[in-house]
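Student: Could you take me through one part of this model slowly, and then show me what surrounds it? I would like to follow each step with the picture in view.

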Amino acid sequence: MKYVLSCFLIFCLCLTSCTSQKKLQTETPFEIGNATCQQYTGGREESGSGTELRIPVSLLENSDIELNEVYFRGKQVKAIVNTVDNQKMILVRIPNNNPESSETLKLALNTDEAVISYNENGEVKYAKINGIKQKQPLIYKGAPKN
């Protein structure tokens, strides 16, 4: 009887652990361009420092796709779409003091990989981005002293 109960518990644990894993999509309903990241350091102490991630995307204006989160280098941030140089892109600044996300750690990403979560027809999906190019750090100058 204990053997049957043990097998049942192990089976239940396997089922629940599989549902927490994120299924990465091989094809997305939008195009993803060549992503870049760049370290930044503010000129003043309160400006902070961190990483800026730029992911070019081509979203259809009338689509039902809503971008949710970006998972990158252990951090999780809200995906924000901006237009830069007449091109739509996900542009996020990830401060160094942003706490690590357990969700990102579960994805086991390399330093040149990120994952975007998005809603399509009410279903949450995940797209992986590979080969994120690291650019030279950006160091802002401090304000002149009077």
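Student: Is Asn 86 buried or exposed, and what is its relative accessible area?

Tutor: Happy to! Keep in mind as we go that this is a predicted model. Asn 86 is exposed, because its relative accessible area is 81% and exposed means over 50%. You will find Asn 86 in the loop between E7 and E8. Its backbone deserves a look too: the phi angle of Asn 86 is near 60°, a positive value in a residue that is not glycine.

Now step back to Asp 85. Asp 85 sits in the loop between strand E7 (81-84) and strand E8 (87-95). Asp 85 also has a positive phi, about 55°, although it is not a glycine. With a relative accessibility of 75%, Asp 85 counts as exposed.

From the loop, let us follow strand E8 to Arg 93. Arg 93 lies over the face of Tyr 40, 4.2 Å from the ring centre.

Arg 93 also brings us to the charged residues. Side chains of opposite charge can pair when their charged atoms come close. A search of the whole structure finds four salt bridges, and we can visit some of them. Start with Glu 52 and Arg 54, whose side chains meet in a salt bridge with an N to O distance of 3.0 Å. Glu 52 is buried, because its relative accessible area is 10% and buried means under 20%. Arg 54 has a relative accessible area of 28%, so Arg 54 is partly exposed. The side chains of Arg 93 and Glu 52 form a salt bridge as well, at 3.1 Å from N to O. This pair links distant parts of the chain: Arg 93 is in strand E8 and Glu 52 is in strand E4 (residues 49-58), 41 residues apart. Arg 93 is partly exposed, with a relative accessible area of 39%.

Another salt bridge joins Lys 128 to Glu 113, where the closest N and O atoms are 3.5 Å apart. Here too the pair links distant parts of the chain: Lys 128 belongs to strand E10, while Glu 113 is in the loop between helix H2 (102-107) and E9, and the two are 15 residues apart. Lys 128 counts as partly exposed at 33% relative accessibility, whereas Glu 113 is buried, with a relative accessible area of 10%. To return to the earlier bridges, shared partners join Glu 52, Arg 54 and Arg 93 into one network.

Next, look for paired rings. The count comes to one aromatic pair. That pair is Tyr 71 with Tyr 126, and it is tilted: the ring centres are 6.5 Å apart and the planes make an angle of 50°. The rings link distant parts of the chain, since Tyr 71 is in strand E5 and Tyr 126 is in strand E10 (residues 123-129), 55 residues apart. Tyr 71 is buried, and so is Tyr 126.

Stay with strand E5 (residues 65-72) for a moment, and find Asn 68 there. If you compare Asn 68 with the Asn we began with, you will see that Asn 68 is buried, because its relative accessible area is 14%, whereas Asn 86 is exposed at 81%. The side chain of Asn 68 makes a polar contact of 3.2 Å with the side chain of Asn 119. Leaving out residues up to four places away in sequence, Asn 68 touches a set of residues including Val 77, Ala 79, Tyr 118 and Val 124.

Our last stop is Glu 120, in strand E9 (residues 114-120). The side chain of Glu 120 has a polar contact of 2.9 Å with the side chain of Lys 125. Setting aside residues up to four places away in sequence, Glu 120 touches Pro 29, Asp 64 and Lys 125. Pro 29 is worth tracing on your screen: Glu 120 and Pro 29 are 91 residues apart in sequence, with 8.6 Å between their C-alpha atoms in space.

Definitions and conventions
Residues are numbered from 1 along each chain as its sequence is written. This is a predicted model: local features need pLDDT of at least 70, side-chain atom pairs count only at pLDDT 80 or more; totals for chains, interfaces and linings use all residues. Side-chain values use heavy atoms; hydrogens and water are left out. Helices (H or I, at least four residues) and strands (E, at least two) are DSSP runs, numbered from the N terminus. Buried means under 20% relative accessible area, exposed over 50%, partly exposed in between (1.4 Å probe, protein chains only). A polar contact is a pair of N or O atoms within 3.5 Å; within protein, one must be able to donate a hydrogen and the other to accept it, and residues adjacent in sequence count only if both atoms are side-chain atoms. Contact means heavy atoms within 4.5 Å. Rings of Phe, Tyr and Trp (its six-membered ring) pair if their centres lie within 6.5 Å; planes under 30 degrees apart count as stacked, over 60 as edge-to-face and the rest as tilted. A charge sits over a ring if NZ of Lys or CZ of Arg is within 6 Å of the ring centre and within 35 degrees of the ring normal.
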